[in-house]
Amino acid sequence: MRSFADIETRIDELALHADPAAAGELVRLGEEVLEHWVAGRGEEPTQDQREGFRLLALHRQGCKGEPSFNACRETCRELAYQYNLISQARGGRGAKQVHMAAMVAKYLCLFVAGKMRENKLGEFCCSSRDLRAREN
Amino acid sequence: MSKKDGKTEKYRKVAYYPGCALEGTGHAYNRSTKAVGKALGLELDEVKNWNCCGAMEVKNIDPKIQTYLSSRVLSIAANEMGYDTVMAPCNGCYHNLKKAEYDLENDAESRAVVERLSTKAGHQTYSSGQAETIHALDWIKEAIGEKGLKARVKNSLKGLKVANYYGCMYTRPRHIFPEKDQGEGSESTSEPHFMDDLLAAAGANNVDFPLKTACCGGAHTLSDSDISTKLVLNILRAAEASGANVIATECPTCHTGLEMHQIRAEKRFGEKTSVKILYFTQLLGLALGLSPRKVGLQENISDSRDLLREKGLV
C-alpha cells in the first residue's frame with residue numbers, strides 16, 4: 001500500500017490534468033485510503049462490492065463497530081457519484097468534474113489519515129457513540 | 001407549505017434556544033437570526049434560564065448527563081413556558097436536543113437518570129414528545145417558505161455564487177432525525193437542501209458543492225489543529241473549485257472553524273483562499289433589506305464587505 005502522502009500527491013496530479021480517464025483511478029485511490037483504515041483495524045480489506053463499488057463495501061467494513069467512521073460515508077458516496085457523472089459525460093465535459101472528484105478523494109484521504117493519527121476525529125460530534133453502542 | 005399539518009402556523013412563534021456558542025463566537029448568528037425573524041414577522045421567545053445542551057464535551061464524558069442537560073431546556077420550554085416547539089439554530093444544540101428526545105423515547109435508563117436529576121434540580125421532568133426541536137432552517141422553510149421569502153426580498157442575492165455547507169451534526173446520525181428523508185418536501189440526510197432552497201429563493205446562485213456535510217474536524221481544533229486546518233482547507237478549495245464566492249453556514253462551530261482555519265492555512269501552509277464565509281441568516285437578512293450592522297457583518301472574521309458591495313448588497 002502506498003503511504004497517505006503518496007496517495008495525496010497522486011490525487012493532486014490527477015486533479016491537475018483533469019482527464020476524464022482518471023475517474024477510475026480516483027475511486028481506486030479512495031479504496032486504497034480505506035484499505036489503510038481496515039488493515040489498521042487488523043482486518044483483511046474486503047474485495048466485495050456494494051452498489052457496484054468496492055469503495056462502498058470497504059466503507060461499510062470500516063465503520064462496523066466504529067460509528068465515527070460514518071462521518072466519511074457521504075464522502076465515499078459522493079466519490080462514487082462523481083465517478084458516475086464523469087463516466088456518463090459526453091465530449092470531454094467530464095474534465096471539470098474530475099477536478100471535483102479529486103477534491104472529494106483528497107478529502108477522504110485527509111479525513112482517514114487524520115483518523116489514523118487521532119482516532120477520536122468525528123467522534124466528539126456527529127457519531128453519538130453512546131446511541132450506537134447501545135444499539136450494536 | 002405544510003398548511004395541512006399546521007407547521008406554518010405552529011412555527012410562527014416558537015421557544016428560542018440560542019445556546020452558548022451564539023452568545024460568544026457565534027454572536028453574529030444570534031443577531032442575524034433574531035433580525036431575520038423580526039423582519040419576517042416571526043416570534044422568538046428565548047427559553048428562560050437555559051443551560052448548556054451538554055455540547056460535545058459532556059456527551060463524551062457522560063452521555064446521560066448530556067441527555068439530562070438537554071432535557072432541562074426542553075422541560076422549561078414545554079412545562080414552564082408552554083411551548084411545543086423549540087428552535088435551536090446551532091447544529092450542536094439542535095443535534096443534542098434531538099438526541100435527548102431519542103434517548104428518552106428509547107432508553108429506560110436515560111429516562112430514569114433524567115427523572116432523578118430533574119427531581120433533584122427541582123423542575124418538572126421532560127417526557128419525550130412534549131416538544132419538537134427544529135433548526136433555524138426548518139423554522140424559516142416551514143413558517144415562511146420559498147414563496148413567502150421570494151415575495152419579501154428587497155435586494156436579490158443574484159450574483160452571489162453560494163456553496164451551502166451544512167456540516168456534520170445537522171444530519172448525523174440519521175436515526176435521531178425521524179422527520180428527515182420522508183420524501184418530497186422533507187429534508188434529506190445525504191443531500192440536505194433546505195439552505196439551498198431558502199438562499200435560491202432569495203436570489204442566490206447555488207453551486208453544486210460536493211462536501212456539504214463533510215467533517216471540518218472542528219472538535220479537534222485544539223487537540224490537533226493541523227488535521228482541522230487541512231480538512232477545512234480542502235473544503236474551502238472545493239467550494240472555490242465549484243465556482244463559489246461565498247460559503248453559507250448554519251452552525252457556529254463550522255462557521256468559526258472555517259474562518260479560523262482559512263487564516264491558519266495561510267499562515268501555517270502558505271495556502272490562501274478567498275472564498276467568503278457568511279451565516280445563511282446574514283445572507284437572508286441582507287436580501288430582506290436589513291443593514292450589514294443588523295445582521296452582524298462586522299462580527300465576522302471573514303471580511304466579505306468588498307464582495308457584498310460589488311454585488312450591491314451593502
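Two residues are in contact if their C-beta atoms, placed from the backbone, lie within 7 Å. A few friendly notes follow.

1. This is a predicted model, in which local features need pLDDT of at least 70, side-chain atom pairs count only at pLDDT 80 or more, and totals for chains, interfaces and linings use all residues. Residues are numbered from 1 along each chain as its sequence is written, while chains are lettered from A and ligands numbered from 1 in the order in which they are written.

2. Helix 2 of chain A (residues 23-40) is worth a look; helices are DSSP runs of H or I with at least four residues, and strands are runs of E with at least two, numbered from the N terminus. Its buried residues (20 or more other C-beta atoms within 10 Å of their own) include A:Leu26, A:Glu31, A:Glu32 and A:Trp37. Among the elements covering the buried residues of helix 2 are helix 1 (4-17), helix 3 (54-63), helix 4 (73-88) and helix 5 of chain A. After helix 2 comes A:Gly42, with a positive phi near 80 degrees.

3. Across the chains, helix 5 (residues 95-117) of chain A packs against helix 10 (residues 225-241) of chain B at about 170 degrees, axes 10 Å apart; axes are lines fitted to C-alpha atoms over the stretch in contact, and angles run from 0 to 180 degrees between N-to-C directions. That makes the two helices roughly antiparallel (over 145 degrees). A:Met103, A:Tyr107, B:Leu231 and B:Arg237 are among the contact residues.

4. In chain B, an open sheet of four strands runs in the order 6-5-7-8 with parallel pairing (at least two DSSP bridges between two strands). Strand 6 (205-206) and strand 8 (276-279) are its edges.

Technical notes: Parallel < 35°, antiparallel > 145°, perpendicular 65-115°, else oblique. Buried ≥ 20, exposed ≤ 12 C-beta atoms within 10 Å, placed from the backbone.
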